[in-house]
Amino acid sequence: MKTDASYEETVEFHGHSCPGLAVGYRVARVAVRELLVERSVDEELVAVVENDACGVDAVQYLCGCTFGKGNLRFLDHGKPVYTFFRRTDGQGVRIYAEPFHYEDADDARFVELVTKPVLTLEEQDERAQITARRVQRILTHPEDKFIKLSSPQIAMPSPARIFSSENCADCGERIMSTRVQQKETGRALCIPCAEKT
Ligand SMILES: [Zn+2]
Ligand SMILES: [Zn+2]
C-alpha cells in the first residue's frame, strides 16, 4: 500500500496521466484520510468500485485493493462511486466523485479529438494540452465541490474464500464450483462451453 504516493508515482503505475486517473487519485486520498489516518499501515481496506475505468488504478495503487487479494470488488454500474471499508471494524465510506470536467470549455473539442481515428501532430499536441489542463484542474479542485461522502449503501464484502472446483464435461478444464453451469442434461460445463451449446 502506497497511501502517500504522489500523483506522479500513480501515473507511473497506470501508464499515463489522464482525467480519470486524477479523479481516482483524489478519491483514493479521501479514502486513506477517512479510514486509515493514525492507523497502522497494515490495516486492510476493501474497495467496491462501480466502474472499471482509469481511476480504479489509483485505488489499487494507494489503497492496496486488488482482485488477487480479494479486497477489490467491481459492480458494473458505470457510476463514479467508490465504497471503502476498513476490514478490522467494518467502518466504511461511500465516495461519489462528480465528473465536473465533462462540462468545461474544452469538452466539445476533446470529444472531437478522442473520437478521430487519426490525429495530426498538432492535434495530438492539442489533446495532450487539454488533458494536462484537466488533470491540473481535477488535482486542485476544492474537494467539497465535487466529492460527496456518505454512509455505505452496501455491506462489506466478505474475505476471499476458497471454493471447491470440478471439471468441465466438455473441455475438461477446472472450474470454480460457483461458476459451473448446470445444463438440463445434468452435465457440468464452464461458462464458455455452456455458451457454445
Ligand atoms: Zn487513464
Ligand atoms: Zn469447458
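This chat goes through the zinc sites of a predicted model.

Student: What should I know about the setup?
Tutor: The model is predicted; local features need pLDDT of at least 70, side-chain atom pairs count only at pLDDT 80 or more, and totals for chains, interfaces and linings use all residues. Residues are numbered from 1 along each chain as written, chains are lettered from A and ligands numbered from 1 in written order, and side-chain values use heavy atoms, without hydrogens and water.

Student: Which residues coordinate the zinc ion (ligand 2)?
Tutor: Cys168, Cys171, Cys190 and Cys193, each through SG, at 2.3 Å. Donors are N, O and S atoms within 2.8 Å of the metal (3.2 Å for Na, K and Ca); water is not among the atoms, so sites may look incomplete.

Student: What's the geometry of the zinc ion (ligand 2) site?
Tutor: Tetrahedral, with angles of 97 to 116 degrees among the four donor atoms. Four donors count as tetrahedral if all angles lie between 85 and 135 degrees.

Student: And the spacing of its donors along the chain?
Tutor: C-x2-C-x18-C-x2-C.

Student: Is Cys168 buried or exposed?
Tutor: Buried, at 4% relative accessible area. Buried means under 20%, exposed over 50%, partly exposed in between (1.4 Å probe, protein chains only). Cys190 is buried too, at 10%.

Student: Switching: what are the protein donors of the zinc ion (ligand 1)?
Tutor: His14 (NE2), His16 (NE2), Cys18 (SG) and Cys54 (SG), 2.1 to 2.3 Å away. Their spacing is H-x1-H-x1-C-x35-C.

Student: How accessible is Cys54?
Tutor: Partly exposed, at 26% relative accessibility. Cys18 is buried, at 10%.

Notes
Four donors count as tetrahedral if all angles lie between 85 and 135 degrees; four count as square planar and six as octahedral if opposite donors are over 155 degrees apart and all others between 65 and 115; anything else is irregular.
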